[in-house]
Amino acid sequence: MKNLKQNIIVKDDLVKVNRNYLNSYVQDIDKVWNNISIKEIKIGDKIEGFKVLEVNQNSVFEKLGLKANDVIKSINNNSLNSYADAFNVYNNIGDTKYLNIEILRNNEVMELNYEID
């Protein structure tokens with residue numbers, strides 16, 4: 001079992017995220033943008049996801065396994081086809097018990113799964 005200061009606990013295939021730790025990001029949007037840089041991926045006029053340009057070391061995003069060049073396609077089965085979709089997920093994260101992030105990494109679809117405790 002790997003324990004990252006009780007904020008993120010990794011045991012076998014289960015990753016638990018401390019809700020207070022996650023909320024510290026939810027309650028401070030500047031903390032989010034200081035730790036991750038993203039831009040929309042468009043095909044024509046349609047957004048197909050958000051590409052991670054940079055992830056700061058030791059941020060919640062790095063600890064959750066996001067890496068530069070990942071493309072975030074959906075969160076909790078909600079496709080990210082607009083900034084409104086992304087902000088809807090962000091605004092409702094406080095009520096979420098499980099977090100499933102579907103990403104495209106090196107042309108391969110992957111899922112990152114977390115339990116929020």
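**Close-up 1. R105 and its neighbours.** Leaving aside residues up to four places away in sequence, R105 touches G65, L66, K67, D70 and M110. One of these neighbours, D70, also meets R105 through a polar contact between the two side chains, at 2.7 Å. As you look around this view of the predicted model, you will find R105 in strand β8. Is R105 buried or exposed? Its relative accessible area is 14%, which is under 20%, so R105 counts as buried.

**Close-up 2. S59, in the loop between β5 (46-55) and α3.** Here is a serine to zoom in on: S59 has a relative accessible area of 1% and is buried. Which residues does S59 touch, not counting those up to four places away in sequence? They are Y21, Y25 and N35.

**Close-up 3. The largest nonpolar core.** This core holds 28 residues, and F61, I72, I101 and Y114 are those with the most contacts inside it. At least two residues come from each of β3 (14-17), α1, β5, α3, β6, α4, β8 and β9 (108-116). Which element gives the largest share of this core? That is β5, with four residues.

**Close-up 4. I72 and the residues around it.** Stay with I72 for a moment, as it is among the core residues with the most contacts inside the core. With residues up to four places away in sequence left out, I72 touches G49, F50, V52, L66, L80, I101, E102 and I103. One of these partners, I101, is itself named among the core residues with the most contacts. Another, L66, also appears in the contact list of R105, which links this view to the opening one.

**Close-up 5. The largest cavity and its lining.** How many cavities of 30 Å³ or more does a search of the whole structure find? The search finds one. The space in the largest cavity comes to about 530 Å³. Its lining is made up of 24 residues, and those nearest the centre are V32, F61, I75, A86 and Y90. Two or more lining residues come from each of α1 (19-26), α2 (29-33), β4 (36-43), α3 (60-63), β6 (71-75), α4 (83-91) and β8 (98-105). Of these, α4 provides the largest share, with five residues. If you are thinking about the chemistry of this lining, its residues divide into 24 nonpolar, no polar and no charged. F61 is worth finding again here: it lies among the residues nearest the cavity centre, and it is also among the residues with the most contacts inside the largest nonpolar core.

Definitions and conventions:
Residues numbered from 1 in each chain as written. Predicted model: local features only at pLDDT ≥ 70, side-chain atom pairs only at ≥ 80, totals over all residues. Heavy atoms only, no water. 1 Å grid on protein atoms, 1.4 Å probe; cavity = no way out; pocket = protein on both sides within 12 Å on 5 of 7 lines; lining within 4 Å. Points joined across faces, edges and corners; volume = space filled by probe spheres on them. Nonpolar A, V, L, I, M, F, W, Y, C, P; charged D, E, K, R; others polar. Buried < 20%, exposed > 50% of the residue type's maximum accessible area, 1.4 Å probe, protein only. Contact = heavy atoms within 4.5 Å. Core = buried A, V, L, I, M, F, W, Y, C linked by side-chain atoms within 4.5 Å. Polar contact = N/O pair within 3.5 Å; in protein donor to acceptor, adjacent residues only side chain to side chain.
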